[in-house]
Amino acid sequence: MHADVTCYLYCCRHQFMDLSLLRQRGYDLMGDDLWYKDGLRFMCLQCGGCCSGFSGTVLVSAAEITVLAQRLGIPETDFQKRYTRAVGKGNISLIEKKNKDCIFFDKEVGCTVYSDRPRQCRSWPFWRSNVYSPERWKRGAARCPGMDQGESHDSEYIKQVSDDDGSSGVVS
Ligand code: SF4
Ligand code: SF4
(Lines give C-alpha, C1' and ligand atoms only; values in the text may rest on other atoms or scores of the structure.)
(Ligands and ions follow the chains in the order given, each with its own letter.)
Protein backbone atom coordinates (compact mmCIF):
# COMPACT_ATOMS: atom_id res chain seq x y z
CA MET A 1 0.00 0.00 0.00
CA HIS A 2 1.05 3.55 -0.56
CA ALA A 3 -0.41 7.02 -0.62
CA ASP A 4 1.99 8.44 -3.16
CA VAL A 5 5.47 7.99 -4.50
CA THR A 6 7.66 8.59 -1.49
CA CYS A 7 9.55 11.64 -2.66
CA TYR A 8 9.01 14.51 -0.32
CA LEU A 9 11.38 17.23 -1.37
CA TYR A 10 12.74 16.45 -4.75
CA CYS A 11 11.93 14.68 -7.90
CA CYS A 12 13.47 13.86 -11.16
CA ARG A 13 14.20 15.32 -14.52
CA HIS A 14 16.39 12.58 -15.85
CA GLN A 15 16.57 12.20 -19.58
CA PHE A 16 13.66 10.57 -21.37
CA MET A 17 13.94 7.63 -23.70
CA ASP A 18 11.46 7.32 -26.53
CA LEU A 19 9.64 4.02 -26.08
CA SER A 20 9.77 3.36 -29.80
CA LEU A 21 13.56 3.42 -29.50
CA LEU A 22 13.37 0.94 -26.65
CA ARG A 23 11.22 -1.38 -28.73
CA GLN A 24 13.69 -1.12 -31.61
CA ARG A 25 16.44 -2.10 -29.22
CA GLY A 26 14.55 -5.23 -28.22
CA TYR A 27 13.29 -4.41 -24.73
CA ASP A 28 10.29 -6.50 -23.65
CA LEU A 29 6.95 -4.79 -23.57
CA MET A 30 5.04 -4.56 -20.33
CA GLY A 31 2.39 -7.25 -20.59
CA ASP A 32 1.57 -10.72 -19.36
CA ASP A 33 5.11 -11.21 -18.13
CA LEU A 34 5.19 -8.02 -16.15
CA TRP A 35 8.69 -8.12 -14.76
CA TYR A 36 7.81 -6.03 -11.70
CA LYS A 37 4.74 -8.07 -10.75
CA ASP A 38 6.08 -8.37 -7.18
CA GLY A 39 6.41 -4.60 -6.89
CA LEU A 40 9.33 -2.23 -6.80
CA ARG A 41 10.87 -0.38 -3.92
CA PHE A 42 11.47 3.34 -3.83
CA MET A 43 12.08 5.92 -1.13
CA CYS A 44 13.44 9.36 -1.91
CA LEU A 45 16.64 9.95 0.02
CA GLN A 46 16.42 13.67 -0.74
CA CYS A 47 19.85 13.86 -2.24
CA GLY A 48 18.69 16.48 -4.75
CA GLY A 49 20.56 14.73 -7.50
CA CYS A 50 17.65 14.59 -9.90
CA CYS A 51 16.85 18.29 -9.68
CA SER A 52 20.34 19.66 -9.98
CA GLY A 53 23.69 19.54 -11.65
CA PHE A 54 22.83 18.26 -15.10
CA SER A 55 20.89 19.28 -18.13
CA GLY A 56 17.42 17.73 -18.25
CA THR A 57 13.83 18.10 -19.31
CA VAL A 58 10.84 18.76 -17.09
CA LEU A 59 7.70 18.73 -19.18
CA VAL A 60 4.90 21.04 -18.12
CA SER A 61 1.35 20.80 -19.41
CA ALA A 62 -0.87 23.80 -20.07
CA ALA A 63 -2.74 23.07 -16.85
CA GLU A 64 0.51 22.87 -14.89
CA ILE A 65 1.66 26.17 -16.37
CA THR A 66 -1.59 27.75 -15.22
CA VAL A 67 -1.07 26.50 -11.68
CA LEU A 68 2.59 27.50 -11.52
CA ALA A 69 1.90 30.96 -12.95
CA GLN A 70 -0.81 31.47 -10.37
CA ARG A 71 1.56 30.34 -7.65
CA LEU A 72 4.12 32.92 -8.75
CA GLY A 73 1.46 35.59 -9.25
CA ILE A 74 2.35 36.29 -12.85
CA PRO A 75 0.51 35.93 -16.17
CA GLU A 76 0.91 32.60 -17.93
CA THR A 77 2.57 34.29 -20.89
CA ASP A 78 5.20 35.76 -18.57
CA PHE A 79 5.68 32.42 -16.91
CA GLN A 80 6.27 30.75 -20.25
CA LYS A 81 8.80 33.40 -21.29
CA ARG A 82 10.71 33.37 -18.03
CA TYR A 83 10.62 29.74 -16.97
CA THR A 84 10.06 27.49 -19.97
CA ARG A 85 11.45 26.45 -23.33
CA ALA A 86 10.10 24.47 -26.26
CA VAL A 87 11.25 20.86 -26.58
CA GLY A 88 10.54 17.92 -28.86
CA LYS A 89 7.34 17.84 -30.81
CA GLY A 90 5.45 20.81 -29.47
CA ASN A 91 6.20 20.16 -25.80
CA ILE A 92 7.24 22.64 -23.14
CA SER A 93 9.89 22.14 -20.48
CA LEU A 94 11.03 24.09 -17.47
CA ILE A 95 14.38 25.75 -18.02
CA GLU A 96 17.55 25.45 -15.95
CA LYS A 97 19.83 27.80 -14.14
CA LYS A 98 23.33 28.43 -15.47
CA ASN A 99 24.65 25.72 -13.18
CA LYS A 100 22.17 23.25 -14.74
CA ASP A 101 19.96 23.06 -11.66
CA CYS A 102 16.24 23.12 -12.36
CA ILE A 103 15.00 26.71 -12.34
CA PHE A 104 12.92 25.89 -9.26
CA PHE A 105 15.59 24.06 -7.29
CA ASP A 106 17.15 25.67 -4.24
CA LYS A 107 20.02 24.00 -2.43
CA GLU A 108 18.63 24.85 0.99
CA VAL A 109 14.93 24.32 0.32
CA GLY A 110 14.83 21.69 -2.40
CA CYS A 111 11.96 22.17 -4.83
CA THR A 112 10.52 25.64 -4.31
CA VAL A 113 7.27 24.73 -6.06
CA TYR A 114 6.97 21.30 -4.53
CA SER A 115 3.22 21.13 -3.98
CA ASP A 116 2.66 22.29 -7.56
CA ARG A 117 5.51 20.41 -9.22
CA PRO A 118 4.76 18.90 -12.63
CA ARG A 119 3.41 15.40 -13.07
CA GLN A 120 6.75 14.28 -14.44
CA CYS A 121 8.37 15.12 -11.12
CA ARG A 122 5.66 13.36 -9.13
CA SER A 123 5.82 10.13 -11.09
CA TRP A 124 9.56 9.44 -10.75
CA PRO A 125 10.88 6.76 -10.71
CA PHE A 126 7.87 4.93 -12.12
CA TRP A 127 8.28 6.38 -15.58
CA ARG A 128 7.40 4.17 -18.52
CA SER A 129 11.01 4.38 -19.65
CA ASN A 130 12.21 3.07 -16.26
CA VAL A 131 9.70 0.29 -15.69
CA TYR A 132 9.96 -0.89 -19.24
CA SER A 133 12.50 -3.55 -18.35
CA PRO A 134 14.77 -4.59 -15.47
CA GLU A 135 17.70 -3.20 -17.42
CA ARG A 136 16.08 0.20 -17.73
CA TRP A 137 15.19 0.19 -14.04
CA LYS A 138 18.76 -0.67 -13.13
CA ARG A 139 20.05 2.13 -15.31
CA GLY A 140 17.79 4.60 -13.52
CA ALA A 141 18.85 3.27 -10.14
CA ALA A 142 22.47 3.98 -11.00
CA ARG A 143 21.58 7.66 -10.85
CA CYS A 144 18.89 7.64 -8.17
CA PRO A 145 19.98 6.16 -4.83
CA GLY A 146 16.35 5.93 -3.66
CA MET A 147 15.40 3.27 -6.19
CA ASP A 148 15.36 -0.21 -4.66
CA GLN A 149 15.22 1.38 -1.21
CA GLY A 150 12.40 1.63 1.31
CA GLU A 151 8.75 0.84 0.77
CA SER A 152 7.61 -1.55 -1.91
CA HIS A 153 5.02 -0.23 -4.35
CA ASP A 154 2.72 -2.79 -5.91
CA SER A 155 2.51 -3.45 -9.61
CA GLU A 156 -0.99 -2.02 -9.96
CA TYR A 157 0.15 1.29 -8.55
CA ILE A 158 3.29 1.32 -10.66
CA LYS A 159 1.30 0.62 -13.79
CA GLN A 160 -1.14 3.37 -12.92
CA VAL A 161 1.63 5.92 -12.37
CA SER A 162 3.69 4.91 -15.38
CA ASP A 163 0.69 5.05 -17.70
CA ASP A 164 0.37 8.73 -16.85
CA ASP A 165 3.94 9.70 -16.03
CA GLY A 166 3.89 13.12 -17.68
CA SER A 167 6.81 12.21 -19.91
CA SER A 168 5.08 11.59 -23.24
CA GLY A 169 8.12 9.61 -24.31
CA VAL A 170 10.05 12.72 -25.32
CA VAL A 171 13.69 12.28 -26.21
CA SER A 172 15.87 15.12 -25.01
S1 SF4 B 1 16.81 9.84 -4.05
FE2 SF4 B 1 16.33 9.84 -6.26
S3 SF4 B 1 14.33 10.87 -6.38
FE4 SF4 B 1 15.19 11.36 -4.39
S5 SF4 B 1 16.28 13.32 -4.69
FE6 SF4 B 1 17.80 11.65 -4.95
S7 SF4 B 1 17.86 11.26 -7.16
FE8 SF4 B 1 15.94 12.41 -6.72
S1 SF4 C 1 10.12 21.30 -10.54
FE2 SF4 C 1 10.85 20.82 -8.50
S3 SF4 C 1 10.80 18.57 -8.36
FE4 SF4 C 1 10.68 19.11 -10.53
S5 SF4 C 1 12.83 19.07 -11.28
FE6 SF4 C 1 12.36 21.19 -10.66
S7 SF4 C 1 13.05 21.36 -8.53
FE8 SF4 C 1 12.87 19.15 -9.04
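On helix α7, the exposed residues Glu156, Gln160 and Asp163 sit on the face turned away from the helix's buried side. This comes from a predicted model, and the helix in question spans residues 155-163. Its buried residues are Ile158, Val161 and Ser162. Looking down the axis of α7, these buried residues fall within an arc of 95°, so they line one face of the helix. Some background helps here: an α-helix has 3.6 residues a turn, so residues three or four places apart point the same way. As for what lies over the buried residues of α7, the cover includes two strands, β1 (40-42) and β6 (147-153), along with two helices, α4 (119-123) and α5 (128-131).

Stepping back to the whole chain, the protein has seven helices and six strands. Going along the sequence, they follow the pattern α-β-α-α-β-β-β-β-α-α-α-β-α. The protein has 172 residues, and 33% of them count as buried. Taking contacts between residues at least 6 apart in sequence, 81% join residues that are at least 24 apart.

Next comes a pair of helices. Helix α2 covers residues 62-72 and helix α3 covers residues 76-83; their axes come within 9 Å and cross at roughly 95°. That crossing makes α2 roughly perpendicular to α3. On the α2 side, the contact is made by Ile65, Thr66, Leu68, Ala69 and Leu72, while α3 brings in Glu76, Phe79 and Gln80. Sorted by character, the residues of this contact come out as five nonpolar, two polar and one charged.

Further along are strands β2 (residues 84-87) and β3, which pair in the antiparallel sense over four bridges. Within this pairing, Val87 of the hairpin stands opposite Asn91 in β3. There are three residues between the two strands of the hairpin, and Gly88 takes a positive phi near 55°.

Beyond β3 (91-94), the chain has a loop between that strand and β4 (105-106), and this is where Lys97 is found. Is Lys97 buried or exposed? With 11 other C-beta atoms within 10 Å, Lys97 is exposed, given that a residue counts as exposed at 12 or fewer. Lys97 can also be placed relative to Gly53: the two are 44 residues apart along the chain, and their C-alpha atoms are separated by 9.5 Å.

Terms used:
Residues are numbered from 1 along each chain as its sequence is written. Chains are lettered from A and ligands numbered from 1 in the order in which they are written. This is a predicted model: local features need pLDDT of at least 70, side-chain atom pairs count only at pLDDT 80 or more; totals for chains, interfaces and linings use all residues. Axes are lines fitted to C-alpha atoms, for helices over the stretch in contact, and angles run from 0 to 180 degrees between N-to-C directions. Angles under 35 degrees count as roughly parallel, over 145 as roughly antiparallel, 65 to 115 as roughly perpendicular and the rest as oblique. Two residues are in contact if their C-beta atoms, placed from the backbone, lie within 7 Å. Ala, Val, Leu, Ile, Met, Phe, Trp, Tyr, Cys and Pro count as nonpolar, Asp, Glu, Lys and Arg as charged, and the others, Gly among them, as polar. A residue is buried if 20 or more other C-beta atoms lie within 10 Å of its own, exposed if 12 or fewer, and partly exposed in between; C-beta atoms are placed from the backbone. The arc is that of the directions from the helix axis to the C-beta atoms. Two strands pair if DSSP finds at least two bridges between them.
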